[in-house]
Amino acid sequence: MVDIKISGRKVGVSDSLRAQVEEKVGNALKVFDIKPMTCDVVLRVDKNPSNPERKTCEVTVFVRDNVVRVVASSDDMYAAIDEAADKVTRQLRKYKTRVIDRRQRVAAAKTGTVTQEDLAALIEPTEDETEDDQLVREKYVDLLPMTEEEALVQTDLIGHDFYVFTNATTGLINVIYHRKNGGYGIIKPKIEEENEQ
């Protein structure tokens, strides 16, 4: 049985909501017998009445050294939970497929030349951030040593455009990212190029 921690933001977690999360998300996690695995579920309601899909279910699954994160919104919290559970199933299926089929990851991890547009795409503000000259969000990350292939898998699992990691081979910080025209790129410190020569 996977430990599921459920919390609410601007919404009380009723017994029926808790039961829905435990059933739907719990069943999605049970299908994949991967250990160790823990799960955090956050239910929240946006108080803005102009937003038709104000009810959100955010699920974060910690599986081994990876994080799978999905978000689903609806005008009904139960529907948001159901959709999040479906997304978790798809992401965990992707995780297992990528871990099992190493050759796919090698092919997908080919890098290309970084353009100004690629770098700009990494720092474009998200919908909830402003264009002002102020720090809107600060995030701390664990820089776990991993291969480029593992970082690529992690990027897909958390659904971000890029991922910062410690390269297990060199011990240096790298950034892997989705390219706008398809495929992936990787940003490495100049010292890595000098060491390869």
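How many bridges join β1 to β2, and do the two strands run parallel or antiparallel? Good morning, everyone. The answer is 7 bridges, and β1 and β2 run parallel. Before I go further, please keep in mind that this is a predicted model.

Let me stay with that sheet for a moment. The sheet is open and has 4 strands in the order β1-β2-β3-β4, with mixed pairing. β1 and β4 stand at the edges with a single partner strand each, so one side of each has no neighbour in the sheet. From one strand to the next, the twist averages 15°. If you want a place to look in the β1 and β2 pair, take D3, whose bridge partner in β2 is T38. Helix α1 packs on this sheet, where it touches β1, β2 and β3. The direction of α1 makes about 135° with that of β1.

Now to the interior. As a reminder, in soluble globular proteins nonpolar side chains tend to be buried together. Here, the largest nonpolar core has 32 residues, and those touching the most other members are V25, L29, C39, V41 and V59. Which elements each supply at least two residues of this core? They are β1 (3-9), α1 (15-30), β2 (37-45), β3 (55-63), β4 (66-74), α2 (77-100) and α5 (148-158). The largest share comes from α2, with 8 residues.

I'd like to linger on C39, one of those well-connected members. Setting aside neighbours within four places in sequence, C39 is in contact with V2, D3, I4, K5, V25, L29, V59, T60 and V61. Two of the names on that list, V25 and L29, also belong to the group that touches the most other core members. C39 is buried, with a relative accessible area of 1%.

With a cysteine in that position, you may be wondering about disulfides. How many does the structure hold? The count is 0. The cysteine sulfur nearest to that of C39 belongs to C57, 8.5 Å away. Why is there no bond between C57 and C39? Their sulfurs are 8.5 Å apart, which is too far because a disulfide needs the two sulfur atoms within 2.5 Å. C57 is buried too, at a relative accessible area of 0%.

Next, please turn to α5. This helix is mostly covered, since 9 of its 11 residues are buried. The buried ones include A151, L152, V153, L157 and I158, and also E149, Q154, T155 and D156. After α5 comes G159, with a positive phi near 75°.

A151 takes us to the last region. Apart from the largest core lies another core, of 9 residues, with M146, A151, Y163 and I176 among them. Y163 and I176 also face each other across a strand pair: Y163 stands opposite I176 in β7. The strands here are β6 (residues 162-167) and β7 (residues 173-178), which pair in the antiparallel sense over 5 bridges. Their hairpin has 5 residues between the strands, and G171 there takes a positive phi near 80°.

β7 has a further partner in β8 (residues 184-187), running antiparallel and joined by 4 bridges. In that pair, V175 stands opposite I187 in β8. The hairpin of β7 and β8 also has 5 residues between the strands, and G182 takes a positive phi near 100°.

That's my tour. Thanks for listening, and I'm happy to go back to any of these regions.

Technical notes: Residues are numbered from 1 along each chain as its sequence is written. This is a predicted model: local features need pLDDT of at least 70, side-chain atom pairs count only at pLDDT 80 or more; totals for chains, interfaces and linings use all residues. Side-chain values use heavy atoms; hydrogens and water are left out. A nonpolar core is a set of buried Ala, Val, Leu, Ile, Met, Phe, Trp, Tyr and Cys residues joined through side-chain atoms within 4.5 Å. Buried means under 20% relative accessible area, exposed over 50%, partly exposed in between (1.4 Å probe, protein chains only). Contact means heavy atoms within 4.5 Å. Two strands pair if DSSP finds at least two bridges between them. Axes are lines fitted to C-alpha atoms, for helices over the stretch in contact, and angles run from 0 to 180 degrees between N-to-C directions.
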